[in-house]
Amino acid sequence: MLDDIVREWETLQDPASRAIVYCRSHNDAKRVGQQLKCGVYHSGLKSSAAKKEAFSNWVNGGLGISKFISATSGLGAGIDIPSVRIVYHYRESLDFLGFVQESGRAGRDGLPAKSKVFLDTTSLKRLENLEGVRTSLGQQAIFEYHIKGFCRQAAISFYVDGMSTWCVNSTDSDLIHCDLCQILRSQAKSVAQPSLSDSPSGIPHQ
Ligand SMILES: [Zn+2]
């Protein structure tokens, strides 16, 4: 899983580019940090100096210093680094709004950026188990986004703004499509977008 992250990163040429790997727990963040040989940032760090050092190394870079940072949601509000090109989530987030905010830390300079989620079999099982026991719109959105084959951008915009337009149905020719809509577009398909009222709890199914 982490090999895929490194391979993709190596295709980015801009030395100013940065990436965040968000993890669910301190232990995951430590493990990912060790494997990627990058700084680690989470609320369990003993001193604020350690946090500042990890953050400063990541932002300012330098020879031998990784452009990745492995973090929990502790790397949160107020983080506005324009050159973040990719935000990875190592396993699913349990808080959809938090996930959306974290993903939005990529591309703050207005240039193309990516959000990617890496799921192992344990994560997939956990997510699949949400079907039928979803008790909140947030849980439903997490399920739709990760498992249901739902347009990623539509899932987010419906959860955040109550709007739900699949990118494959958008008339904006400059819009960068999510991965699922890219597949649909390559198959020259449009999607008969379901009515919101077809879904008992709000988010339409494909
Ligand atoms: Zn889409």
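Trainee: How many bridges join strand 1 to strand 3, and in which sense do the two strands run?

Mentor: In this predicted model, strand 1 and strand 3 run parallel and are joined by 4 bridges. Within that pairing, V21 stands opposite S70 in strand 3, while on the strand 4 side the bridge partner of V21 is Y88; strand 1 and strand 4 (residues 84–90) pair in the parallel sense over 6 bridges.

Trainee: What stands opposite S70 in strand 2?

Mentor: That residue is V40, which stands opposite S70, and strand 2 (residues 39–41) pairs with strand 3 in the parallel sense over 3 bridges. Between these two strands the chain passes through helix 3 (residues 48–60), a β-α-β crossover that is right-handed. Helix 3 lies across strand 1, strand 2 and strand 3, and runs at about 130° to strand 2.

Trainee: Which way do the residues of strand 3 point, and are they buried or exposed?

Mentor: In a regular strand the side chains alternate between the two faces of the sheet. Here F68 and S70 point one way from strand 3 (residues 68–71), I69 and A71 point the other way, and all are buried.

Trainee: In what order do the strands form the sheet, and why is one side of strand 2 and of strand 5 left without a neighbour?

Mentor: The 5 strands form an open sheet in the order 2-3-1-4-5, with parallel pairing. Strand 2 and strand 5 (114–118) stand at the edges and each has a single partner strand, so one side of each lacks a neighbour in the sheet.

Trainee: Which element has the highest mean pLDDT?

Mentor: Among the elements of the protein chain, strand 1 (residues 18–23) has the highest, at 95, and helix 1 (residues 2–9) the lowest, at 79.

Terms used
Residues are numbered from 1 along each chain as its sequence is written. This is a predicted model: local features need pLDDT of at least 70, side-chain atom pairs count only at pLDDT 80 or more; totals for chains, interfaces and linings use all residues. pLDDT is the predictor's confidence in each residue, from 0 to 100. A residue is buried if 20 or more other C-beta atoms lie within 10 Å of its own, exposed if 12 or fewer, and partly exposed in between; C-beta atoms are placed from the backbone. Two strands pair if DSSP finds at least two bridges between them. A crossover is right-handed if, with the strands pointing away from the viewer, the path from the first strand over the helix to the second runs clockwise. Two residues are in contact if their C-beta atoms, placed from the backbone, lie within 7 Å. Axes are lines fitted to C-alpha atoms, for helices over the stretch in contact, and angles run from 0 to 180 degrees between N-to-C directions.
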